[in-house]
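Here are my notes on the model you sent round. Have it open while you go through the points.

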Amino acid sequence: MHYIIYMHPSKDSFNGQVLQTFEQALKQRGNEEVYVKHLYESFTDVVLSDTEYEDTLNGVYAEDVQREHQMLQAAKTITLIFPIWWGSFPAIGKGYLDRVLSYGFAFELENETPIPKMNNKPLGLIYTTGSPETEWNKAEKKSFRRNC
């Protein structure tokens, strides 16, 4: 299964058109099932509480997170589709990742060193920006230089 996680509040947006085109292309290839997760419709609890965080350290996950774990485990490939807003993806995406890529599922720790548990999952990112390509590339280069 190809699991697409869509992080835009509107299906009638440019991102919605990107999603529709990508989904159709995958289905035309016909070699795998495609499932789309519309976060704004079906994953609205995106705040990782301190209690939930502590629970994850003991392998206890909320029901909605367990369902997402099952979907991610079943997926052969995962693609995130989102707009860049204020230099990142929408907050709903961050909350989703905070809750779902949880300790014990997506990673473990050996002392303070993270040990990834999802290395075998191909991940694709399709993102849009409201910036002209030249400006986006300038910003991307500045960010890269600052972080190196």
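1. Charges first: Lys and Arg count as positive and Asp and Glu as negative, with His and the chain ends not counted. The place of each charge is NZ of Lys, CZ of Arg, CG of Asp or CD of Glu. On that basis the protein carries 20 negative and 15 positive side chains, and the centres of the two sets are 9 Å apart.

2. Some housekeeping: this is a predicted model, where local features need pLDDT of at least 70 and side-chain atom pairs count only at pLDDT 80 or more, while totals for chains, interfaces and linings use all residues. Numbering starts from 1 along each chain as its sequence is written, and side-chain values use heavy atoms, leaving out hydrogens and water.

3. The fold has six helices and six strands (DSSP runs numbered from the N terminus: H or I of at least four residues for helices, E of at least two for strands). Reading from the N terminus, the order is β-α-β-α-α-α-β-α-β-β-β-α.

4. On dimensions, the C-alpha trace spans about 45 × 40 × 30 Å along its principal axes. Of the 148 residues, 34% are buried (under 20% relative accessible area; exposed is over 50%, partly exposed in between, with a 1.4 Å probe and protein chains only).

5. Now contacts, meaning heavy atoms within 4.5 Å. Taking those between residues at least 6 apart in sequence, 74% join residues at least 24 apart.

6. Is D50 buried or exposed? D50 counts as exposed because its relative accessibility is 62%. D50 sits in helix α3, which covers residues 50–57. From D50 to I92 is 18 Å, C-alpha to C-alpha, with their positions 42 residues apart in sequence.
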